[in-house]
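Please open the model in your viewer and keep the sequence panel beside it. The tour below goes from one selection to the next and says what is found at each stop.

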Amino acid sequence: MTGIDHPEWCDRLHCTATGHAGAHRSAPVTVLPGGNIHANRYAPATDPAMTFIEIRCGTTLLSPEVAHGLGRVLVGLSRTADGDSGPPGGGTS
Ligand SMILES: [Zn+2]
């Protein structure tokens, strides 16, 4: 009904695309359960093929464990953005 074409990875609960403004977003991946660092795929509404990785975090100091987790999430998201349809966040140890 909206006439907007969403990328297949777009999570409508997090999408703000209106056609000329906003952005498509995948469901956010939380780096650690209960953590305040989240990442997701992002594409501007005006160019859904231009994919970015969006990071939202409440801190800039990371413990080594959290930094490792963030790295895994980013690798997983970048793989899905490159066309790998695997789950965001990696899925392997
Ligand atoms: Zn969308």
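## Strands and their partners

Begin by selecting residues 23-25, strand E1, together with residues 37-44, strand E3: these two pair in the antiparallel sense over three bridges. Here two strands count as paired if DSSP finds at least two bridges between them, while strands (E, at least two residues) and helices (H or I, at least four residues) are DSSP runs numbered from the N terminus. Before going further, note that this is a predicted model, in which local features need pLDDT of at least 70 and side-chain atom pairs count only at pLDDT 80 or more, whereas totals for chains, interfaces and linings use all residues. Residues are numbered from 1 along each chain as its sequence is written.

Within the first pair of strands, look for Arg25, which stands opposite Tyr42 in E3. Next add strand E2, residues 29-30, which also pairs with E3 in the antiparallel sense, over two bridges, and find Val29 standing opposite Ala39. The hairpin of E2 and E3 has six residues between the strands, and there Gly34 takes a positive phi near 80 degrees. Then select strand E4, residues 52-57, which pairs with E3 in the antiparallel sense over six bridges; in this pairing Asn40 stands opposite Glu54 of E4.

## The helix

Now show the whole protein, which has one helix and four strands and follows the pattern β-β-β-β-α when read along the sequence. Select helix H1, residues 64-81, and compare its length with expectation: the expected span is 1.5 Å times one less than the number of residues, and because the 18 residues of H1 should span 26 Å, the 26 Å between its end C-alpha atoms agrees.

Which residues of H1 are buried? They are Gly69, Val73, Gly76 and Leu77, where buried means that 20 or more other C-beta atoms lie within 10 Å of the residue's own, exposed means 12 or fewer, and partly exposed is in between, with C-beta atoms placed from the backbone. Seen down the axis of H1, the buried residues fall within an arc of 95 degrees (the arc of the directions from the helix axis to the C-beta atoms), so they line one face of the helix. On the other side of H1, Pro64 and Val75 are exposed. What covers the buried residues of H1 includes E2, E3 and E4. Just beyond, H1 is followed by Gly83, whose phi is positive, near 110 degrees.

## The core

Select Val29, Val31, Ile37, Ala39, Val73 and Leu77 together, for these six residues make up the largest nonpolar core, a nonpolar core being a set of buried Ala, Val, Leu, Ile, Met, Phe, Trp, Tyr and Cys residues joined through C-beta atoms within 7 Å. E3 and H1 each supply at least two residues of this core. Over the protein as a whole, buried residues make up 19% of the 93 residues.

## The ends and the confidence

Move to Ala21, which lies in the segment before E1, and is exposed, with 10 other C-beta atoms within 10 Å. Ala21 and Pro44 are 23 residues apart in sequence and 7.5 Å apart in space, C-alpha to C-alpha.

Finally, colour the model by pLDDT, the predictor's confidence in each residue from 0 to 100. The protein averages a pLDDT of 86, and 87% of the residues score at least 70, but over residues 84-93 pLDDT stays under 50.

Conventions. Contact = placed C-beta atoms within 7 Å.
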